[in-house]
Amino acid sequence: MNNVKVHITGVVQGVGFRPFVYNLATSLNLKGWVKNTSAGVVIEADGEKDALDSFLQKLRDDAPPLSRIDDFHASFGPGNGFTQFDIIHSESVDGAFQPISPDVAICDDCLRELFDPNDRRYRYPFINCTNCGPRFTIIQDIPYDRPFTTMAGFPLCPDCEREYKDPTNRRFHAQPVACPVCGPKVWLETKDERGKKDGDEAIVEVQRLLTEGKIVAIKGLGGFHFACDATNAKAVTELRTRKLRVDKPFALMMPDIETIEQHCFVSEAEKELLTSSARPIVLLKKKPESTITEEASPRQDWLGVMLPYTPLHYLLFNNSLFTALVMTSGNLSEEPIATDNAEARERLATLADAFLMHDRDIHIRCEDSVVRVFEDNRKSSIENCKSIYPIRRSRGYSPFPVKLPFEVPQLLATGSELKNTFCITNGNYAFLSHHIGDMENYETLKSFEQGVEHFERLFRVKPVAIAHDMHPNYLATRYAFSRAERENLPMIAVQHHHAHIAACIAEHGLTEPVIGVSFDGTGYGDDGAIWGGEFLVADAKSYQRAAHLEYFPLPGGDAAIKKPARTALALLWSLGIEWDDSLDSVKEFCAEDQVTLRVQLEKKINTPMTSSMGRLFDAVSALAGVRQKVNYEGQAAIEFEAMADSAEAGQYVFGVESGRVRVGSAVEALIKDVMAGIPTSKISARFHNGLAEAARETVQKISSETSLRSVVLSGGVWQNITLLQKTISLLSKDGFEIYIHREVPTNDGGLSLGQAYIAASRLRG
Ligand code: ZN
Ligand code: ZN
Ligand code: FE
C-alpha cells in the first residue's frame, strides 16, 4: 500500500470539488479522506501505486467545470491503513486564504426539476445544487461551509439532509441546498396589507402586476431589481421618472436565446457569453423590428440583455407572458442597490408598486455584470473564447481573482471615483471587488467600506500599504488617507492613466515597457491638469508622458461633463475659432451668457486645462449637433458613435507633432462639414477615422524614438468600439503587438487592478 497527500489551491470550494474527489477515490477503491481548509482542499489516500497515479491524473483532467486549479502538490509515502474514504470536517488554517466562487446561474438539471411536477422542488424558487446557485453573495467567512453562509439559519429537513450526505447525490455537500419544507421562502408585499401573498401565489401575482404595467421590486441574488414589461412604453417611462434616471439604458432580461434573437443580432461568441454560468448583461445590436420600447434604450442602436439566472427568474417568465422585462438595479438614481428587506421597504417605498421579498439574506451586494463581445479579427477563431470585453465586472465574475505573474505583498488599492472597484492582493492573486458604483454619496462610500472589510476578512488580508489615485478629493483617496493614518501604513499614489495601462499590463503579464494609449474621461495629471488623451511609455513601475492631446480649458472643471455645449465653446475659443451663431452649441447660450463664458475663459476663472479625450468627444458631438446637454457621462459621445457610417472613408486630419496631438485642423474641417449640411453619420465617421489615424501616427513616432513595439489600449474611451476597431486595424497593419482588456473593464472599473499592480511592482524594487 502507498499513500499520497495532495494539496490543491484555486477555486476549489463551492464548486463540487469534495464530492468529485470522493467519487473518484471510491471508484478507484482508494481509502482515506478529503477536507476543505481555508487554504484549499487537502486529500490523503491509500491505494495501489497505479490507482494513485490514475487518481492524480483524473483529479486534474476531470475536475468539476466551475473549479479552477491554480496549484497542485502531491507527495507519496507509506500507506496509513485507512479503511474507508470520508469527507471530513473542514479546518480553518490561520492566515490561509483561497479564492471563492462567484455566484453561478441555475444549472440544466435544477431547471428541469424546477418544472417537473413530480419533483419535490417543483416551482421552488431556491432550488440549487453543487453545480449552481448562490456563492459569493451568501458567504460570510471561509472555509465555505453552511454555518459561514446566510443559509445558517435554515436547518436541513431530513430529505435535504439525506441528499446533502449522499455522495452519489448532486446535492452532496451543496451548502445552499434547500427545499420548500426547510428553505427560504418568497412572499409579495403591496402597499395594501391585504395584497400580501405567499410562495407560488406571490409569483403568479407578480406576473399579473407586470402584465398590467406595474413596477415590482424583486429581491434577487445580489440585490433588488426593479422589473417592468419592456414592451410597455408607459411602464418603462414611469420607471424612469420614479428612479430619476433619464436616458441611461435599462438592462433587459429575456426568457431564452430564441427570444433574444427576435430582438437582437446574436453571434456565436455572444451566445456563449449569454449562456455562460456568469450570465452577464451582454450588449447586443438591436434589430429594427424589435418590439422593445425605444424608452428602454433611447437613441442607441444596442440593447443590454441577459438571460434569467435564478430559479425565480425562470418562474417569472413561465407561461410566456413577456418577451422581455426591464431588470434594472433596485435603487434611486446613483445610490447603491438595495439588499435587505427592511432597507428596501424604506428606500424603495415610493419607487415600486409591490415587493417580491425572500428571507435568504444577501451578505454582500453584487450587481449584474455588463460585457460586450469584441472580436479581434486579426486572431484566429480558436481565440474566440477571448472575445469578452468587460464593461462592468461584478456578479458571476467577482471575486474570481486575476492571477498575477509574481507573488505580491498584501495590498489594498482603493480605485477611482466613478465606477469604483477596489482591489486587494494576496499571494499571486489580485481580488478585484464587485462594482461599487460612483463614489459621490455617503451610501456608496459605506458600501465601499463594507466591501473592503469583507474582502480583507475573506481573503485574510492585512494590507502593508495602500495604493490610491493621485486625485486628492476622490472619496476613495480620502478613505486611503484616513486609513493609512489610522494604521500607520505607507501610501502609494498612482497616476490615473498609468493605472489604466498597468491594469492591462497585469492582465497580460507583460514584462517589457509598452506604449500605453490611454484615451479616457477624467484623470488627475501630475501637472495638476485633467488628463485623458495620453500616450505613455510605461511599465508596471513608472511612466513617461510621451505625448498627449493638446490642452484646452474646461470652464467649471468636471461640471462641464454635464454640458458638452460649454466644452465645445471652450474648445473653439482656445483654438481661435469663432463662435458661429449657426452652430447648435452656440445657440445654447444667449448673448449675455456668451459674454460671461468668454470672460471666464479669458480670465481663467475656474477653468482647469484638460487633455481629456472624453471631453474632446463631448465637444465635437455637441458641435455636430448630437446633443448639448447630457444626462449621464459620455452620453453625447455614445450617441455620436452610434451614428457613424461604417462605409465612409473620409477623415479629418489631426496635427501630430512631437509630444502633442493638435486638434485645430480636425475641428475646423468638422465645423465646415456641419455648416455645409453634411449628414452627421459621415461627420461622425470622419472624426473617428481621423482620430484613429492620429493615434497610429503618434504611436509610430514614439516607437521610432523608443523602438517599443507593444501597444496597450486602456481607458474609458476605448469602450467606443468603432474607434477601437479602427485603431487596432491601423496599428496591426504596422505590425504592432496590441493588447486590450479581456478580464477587467477598460473604464475606471479596472483601475484598482492597475493601482495594486504598480504598488506591488514598486515595493518589489
Ligand atoms: Zn443545479
Ligand atoms: Zn429541505
Ligand atoms: Fe479613467
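Where is N488 found? Its place is the loop between α12 (475-487) and β20 (491-494), and the last legend returns to it. These legends describe a predicted model, in which local features need pLDDT of at least 70, side-chain atom pairs count only at pLDDT 80 or more, and totals for chains, interfaces and linings use all residues. Residues are numbered from 1 along each chain as its sequence is written, chains are lettered from A and ligands numbered from 1 in the order in which they are written, and side-chain values use heavy atoms, with hydrogens and water left out.

**View 1. Four cysteines hold the zinc ion (ligand 2).** C157, C160, C179 and C182 each coordinate through SG, at 2.2 to 2.3 Å (donors are N, O and S atoms within 2.8 Å of the metal, or 3.2 Å for Na, K and Ca; water is not among the atoms, so sites may look incomplete). The site is tetrahedral, with angles of 102 to 118° among the four donor atoms (four donors count as tetrahedral if all angles lie between 85 and 135 degrees). Along the sequence, the donor residues follow the spacing C-x2-C-x18-C-x2-C. C157 sits in the loop between α3 (108-114) and α4 (158-165), and C182, 25 residues apart from it, in the loop between α4 and β6 (186-190) (helices, H or I of at least four residues, and strands, E of at least two, are DSSP runs numbered from the N terminus). Both C157 and C182 are buried (buried means under 20% relative accessible area, exposed over 50%, partly exposed in between, with a 1.4 Å probe and protein chains only).

**View 2. Histidines and aspartates surround the iron ion (ligand 3).** Here the protein donors are NE2 of H496 and H500, two OD atoms of D520 and an OD atom of D748, lying 2.0 to 2.7 Å from the ion. The donor residues are spaced H-x3-H-x19-D-x227-D in sequence. H500 belongs to helix α13 (residues 496-508) and D520 to strand β21 (residues 514-524), 20 residues apart. H500 counts as buried because its relative accessibility is 1%, and D520 is likewise buried, at 3%.

**View 3. Helix α2 (residues 49-61) turns one face inward.** The helix has 13 residues and reaches 18 Å from its first C-alpha to its last, close to the 18 Å expected at 1.5 Å a residue (the expected span is 1.5 Å times one less than the number of residues). A51, L52, F55, L56 and L59 are its buried residues. Seen down the axis, they fall within an arc of 140°, so they line one face of α2 (the arc is that of the directions from the helix axis to the C-beta atoms). D50 and D61, on the other side, are exposed.

**View 4. Two asparagines have positive phi.** Most residues other than glycine have a negative phi, and most peptide bonds are trans. For N29, in the loop between α1 and β2, phi is near 60°. N29 is exposed, with a relative accessible area of 54%. Back at N488, phi is near 55°, and this residue is exposed too, with a relative accessible area of 69%.

How values were computed
Four donors count as tetrahedral if all angles lie between 85 and 135 degrees; four count as square planar and six as octahedral if opposite donors are over 155 degrees apart and all others between 65 and 115; anything else is irregular.
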